[in-house]
Number of protein chains: 4
Amino acid sequence: MSLYTHTFTVALHDTDAAGVLFFGHLLRHAHDAYEAMMADRGVSLARILAEGEVHLPIVHCEADYGAPIRHGDVVEIEVEPRRVGDTSFTLLYQFRVDGRPAASALTVHVSIDPARNSKSPLPNDVKLIFINAD
Amino acid sequence: MSLYTHTFTVALHDTDAAGVLFFGHLLRHAHDAYEAMMADRGVSLARILAEGEVHLPIVHCEADYGAPIRHGDVVEIEVEPRRVGDTSFTLLYQFRVDGRPAASALTVHVSIDPARNSKSPLPNDVKLIFINAD
Amino acid sequence: MSLYTHTFTVALHDTDAAGVLFFGHLLRHAHDAYEAMMADRGVSLARILAEGEVHLPIVHCEADYGAPIRHGDVVEIEVEPRRVGDTSFTLLYQFRVDGRPAASALTVHVSIDPARNSKSPLPNDVKLIFINAD
Amino acid sequence: MSLYTHTFTVALHDTDAAGVLFFGHLLRHAHDAYEAMMADRGVSLARILAEGEVHLPIVHCEADYGAPIRHGDVVEIEVEPRRVGDTSFTLLYQFRVDGRPAASALTVHVSIDPARNSKSPLPNDVKLIFINAD
């Protein structure tokens, strides 16, 4: 179940001297897709961070690289929910170039109460995104 | 005379612990605007680089920072040509948040023949972008 | 078995508006540690890429985040080999701040013959790094 | 008058598909040199930011690019003070590869009282760095 499709064009600064997307930048683009998906569902990550009542740090990430992604490629990132719990959620990102799978990434987020430095329930507006996705 | 308006939303990774856009990332976004403007006019910087007959390296850049640019801000970059010559061109980038000027940047590009490592005339399709802008 | 310890200080641009190292930048620092380890063992990744006879792209990466890593923190990255084969190798990176574990990362590299776009044996000087590590 | 020499090796992620340091990353390295210089003189930019009594944002920057800077190059950045005033200072960065000038950059910093959002005197420990430099 896709929550959102985020599209970007690979910029010169995304690439390295090997002529392809530097592997670490894939995670940056995954996070852009996550922020865009949240905004599309009416949730501002900037507002959540500024209010400071809850943090949603990433505690784990993974990425798999298939086809090379090159300068000028138009990349579509499909954002899908995985394993949504009371205090955490996992997102999967499918990267496609010209409709063909090129890479995937995964981020695991936990909900933290920064004042207590302990796990806290996911904010309702965030949880609703994933409930509605089912 | 504006060639193009490029829009982006300030991502978490654009900001730093001071809570605002890290100054160096402004130049990255200026370059994204430059690439998007070129693509909009039918010129692919990726193709120019891949063909390798001409390089358009930046030999000078500047930026001025006015209002802070924050996480989640929607930023418009107006790209304008300045001082277009036979072997070089200068672009000015006006950054606005909510319609108000927030920063500006400037890049000076020269046209180089990589085989001879010497200046070479601007490619016609690049020059036409600026001629049509007058 | 540690191959190398790479040390860096968390710069302002490494952090984000949440006040901590942006998760994606951890992979960039892991790659810096990989390049520094190779150079320390007499192998230049820049030379390998420039010669073009073999590429060592990353096909998988992972990272786990424990304690927050903050602006100004001095971070030590211990680079350890994992699962070294004929055409691939895996590296583990242990991140410590003030001697305490803060994060870990893992990269899987395959050896590719770019002319044939097929797997090729690891270059001898690269393989020797890992054999000597046993 | 040099305040500090900062050295770094150009990493793969510093380069782009044109095979050289992406121009915007030069400013990132200049800022690293600024932070390292401050730390060398006993001033922690991280502490200044965390205390929040004064901010030292960059209001202007410039860079000039001469020789290409490539993957694996060992770069020395000489940090020199320029135009130090009561509420601002300017730093010049000379980039050298193998002892030869390759690029230069310049940053102008102002001292701001974030509570009042107005200019404030430079912190004494910061000002002393530049007074001692004369």
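This passage walks through the aromatic pairs, one chain-to-chain interface and the salt bridges of the structure. The model is a predicted one, and the description below starts with the rings.

Over all chains, the structure holds 16 aromatic pairs. One of them joins Phe22(D) and Phe23(D) in an edge-to-face arrangement, with 5.1 Å from centre to centre and 65° between the planes. Both partners are hidden from the surface: Phe22(D) is buried, and Phe23(D) is buried as well. A further pair in chain D brings Tyr34(D) together with Phe89(D); here the ring centres are 6.2 Å apart and the planes meet at 40°, so the pair counts as tilted. Tyr34(D) belongs to helix 1 (residues 23-40) of chain D, while Phe89(D) belongs to strand 4 (residues 88-97) of chain D, so this pair ties together parts that are 55 residues apart in sequence. Each ring can also be placed with respect to the surface. Tyr34(D) has a relative accessible area of 1% and is therefore buried, and Phe89(D), at 0% relative accessibility, is buried too. In chain A, ring pairs gather Phe22(A), Phe23(A) and Tyr65(A) into a cluster.

The next stop for a newcomer is the meeting of chain B and chain C. Each chain brings residues to this contact: 8 residues come from chain B and 8 residues from chain C. Together the two chains bury about 730 Å², and 74% of that area is on carbon and sulfur atoms. Within chain B, the residues that lose the most area to chain C are Leu12(B), His13(B) and Ala17(B), which together account for 52% of what that side buries. The side of chain B that touches chain C is made up of 4 nonpolar, 3 polar and 1 charged residues. As for specific links across this interface, 0 salt bridges are found between chain B and chain C, whereas 3 residue pairs are in polar contact.

Salt bridges do appear elsewhere, and a short general remark helps in reading them. Side chains of opposite charge can pair when their charged atoms come close. Over all chains, the count comes to 36 salt bridges. In chain B, Glu80(B) pairs with Arg82(B), and their closest N and O atoms are 3.5 Å apart. The two partners differ in how they meet the surface: Glu80(B) has a relative accessible area of 13%, under the 20% limit, and is therefore buried, while Arg82(B) is partly exposed at 33%.

Chain C offers two further examples. Asp40(C) forms a salt bridge with Arg41(C), where the closest N and O atoms are 3.9 Å apart. Asp40(C) is partly exposed, with 48% relative accessibility, and Arg41(C) is partly exposed with a relative accessible area of 35%. The other example joins Lys127(C) to Asp86(C), with 2.8 Å between the closest N and O atoms. This salt bridge links distant parts of the chain, as Lys127(C) sits in helix 3 (residues 124-133) of chain C and Asp86(C) in the loop between strand 3 (74-82) and strand 4 (88-97) of chain C, 41 residues apart. Lys127(C) is partly exposed at 22% relative accessibility, whereas Asp86(C) is exposed, with a relative accessible area of 57%. Finally, chain A shows salt bridges joined into a network, whose members are Arg47(A), Glu51(A) and Asp125(A).

Key: Residues are numbered from 1 along each chain as its sequence is written. Chains are lettered from A and ligands numbered from 1 in the order in which they are written. This is a predicted model: local features need pLDDT of at least 70, side-chain atom pairs count only at pLDDT 80 or more; totals for chains, interfaces and linings use all residues. Side-chain values use heavy atoms; hydrogens and water are left out. Rings of Phe, Tyr and Trp (its six-membered ring) pair if their centres lie within 6.5 Å; planes under 30 degrees apart count as stacked, over 60 as edge-to-face and the rest as tilted. Buried means under 20% relative accessible area, exposed over 50%, partly exposed in between (1.4 Å probe, protein chains only). Helices (H or I, at least four residues) and strands (E, at least two) are DSSP runs, numbered from the N terminus. Contact means heavy atoms within 4.5 Å. Buried area is the accessible area (1.4 Å probe) that two parts lose on being put together, summed over both. A salt bridge is a side-chain nitrogen of Lys or Arg within 4 Å of a carboxyl oxygen of Asp or Glu. A polar contact is a pair of N or O atoms within 3.5 Å; within protein, one must be able to donate a hydrogen and the other to accept it, and residues adjacent in sequence count only if both atoms are side-chain atoms. Ala, Val, Leu, Ile, Met, Phe, Trp, Tyr, Cys and Pro count as nonpolar, Asp, Glu, Lys and Arg as charged, and the others, Gly among them, as polar.
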